[in-house]
Amino acid sequence: MNDLLYSHTYQIQGRDFEHGGEASSDIKEALKRMGINPQVIKRTAIASYEAEMNIIVYTEKGELLLEVYPKMIRVTATDRGPGIEDVELAMKEGYSTAPPEIREMGFGSGMGLPNIKKNADRLLIESHPGKGTKVIFEIDIPNASV
Ligand SMILES: Nc1ncnc2c1ncn2[C@@H]1O[C@H](COP(=O)(O)OP(=O)(O)OP(=O)(O)O)[C@@H](O)[C@H]1O
Ligand SMILES: [Mg+2]
């Protein structure tokens, strides 16, 4: 597990909707170049997008760290935002604190974190209200089929 094949850090600027989604599409391209299983790429890209947009919508700034190991991909999204008061509640489908102007942009369905959980094999959320949030998820790479 410690044979890291690739890693890259993406800085995410809060409220920068113009560049929203760029880090996750970059992650998708990097994984494609590495010849990773398309299903694994798709799941990683969806989960990364949700983590990226949450940083943009809710925080001042943050970053996504992509790490590729032979048997799994790990993405760590770290931000210095307001934190999540009740993580269990935030994980519920449909729960959102997004204000009206964010909803007008098409966000705020409360499906982001559930979507990460659905697409990842493992998900860990560590949040400290007033300090920030860390969302770590892993997606296993199945053994290459012959
Ligand atoms: N990085 C974060 N920092 C602070 N709060 C967050 C963060 N990520 C999520 N939250 C909180 O958890 C709630 C649920 O997040 P989730 O991504 O599931 O839904 P959403 O962002 O509200 O809507 P959607 O993702 O469907 O556009 C958010 O409304 C917000 O209150
Ligand atoms: Mg979201």
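**Sheet pairing and the surroundings of ligand 1**

In the structure, Leu65 stands opposite Thr76, a residue of strand 3. The model described here is predicted, and the positions reported below are therefore those of a predicted model. Leu65 also has a counterpart in another strand, since Thr9 has Leu65 of strand 2 as its bridge partner. Leu65 thus links the description of two strand pairs, one that involves Thr9 and one that involves Thr76.

The first of these pairs consists of strand 1, which covers residues 6-13, and strand 2, which covers residues 61-68. The two run antiparallel and are joined by 8 bridges. Strand 2 is in turn paired with strand 3, residues 72-79, again in the antiparallel sense, and here 7 bridges are found. Besides Leu65 and Thr76, this second pair includes Glu63, whose bridge partner in strand 3 is Thr78. Strand 2 and strand 3 form a hairpin, with 3 residues between them.

These strands belong to an open sheet of 5 strands, in which the order is 1-2-3-5-4 and the pairing is antiparallel. Strand 1 and strand 4, the latter formed by residues 122-128, stand at the edges of the sheet. Each of these two has a single partner strand, so one side of each is left without a neighbour in the sheet. From one strand to the next, the twist averages 10 degrees. In a regular strand, side chains alternate between the two faces of the sheet.

Beyond strand 1, the chain enters a loop that leads to helix 1, residues 22-33, and Arg15 is found in this loop. Arg15 is not a glycine, yet its phi is positive, at about 70 degrees.

The other part of the structure considered here is the site of ligand 1, which sits in the largest pocket. There are 20 residues around ligand 1, and those that come nearest are Tyr58, Ser96, Thr97, Gly108 and Leu113. Two helices contribute to this shell: helix 2, residues 38-58, and helix 5, residues 112-119, each supply at least two of its residues.

Backbone atoms of several residues approach oxygen atoms of the ligand. A polar backbone atom of Gly110 is 2.9 Å from an oxygen atom of ligand 1. For Met111, a backbone N or O atom lies 2.8 Å from an oxygen atom of ligand 1. For Leu113, the distance between a backbone N or O atom and an oxygen atom of ligand 1 is likewise 2.8 Å. Ligand 1 exposes 600 Å² when taken alone, and the protein buries 93% of that area.

Definitions and conventions:
Residues numbered from 1 in each chain as written. Chains lettered and ligands numbered in written order. Predicted model: local features only at pLDDT ≥ 70, side-chain atom pairs only at ≥ 80, totals over all residues. Heavy atoms only, no water. Pairing = 2+ DSSP bridges. Helix = DSSP H or I, 4+ residues; strand = E, 2+ residues; numbered from the N terminus. Axes fitted to C-alpha atoms, helices over the stretch in contact; angles between N-to-C directions. Near = heavy atom within 4 Å. Polar contact = N/O pair within 3.5 Å; in protein donor to acceptor, adjacent residues only side chain to side chain. Areas by Shrake-Rupley, 256 points an atom, 1.4 Å probe, with all protein chains shown as cover. 1 Å grid on protein atoms, 1.4 Å probe; cavity = no way out; pocket = protein on both sides within 12 Å on 5 of 7 lines; lining within 4 Å. Sits in = over half its atoms within 2 Å of the grid points.
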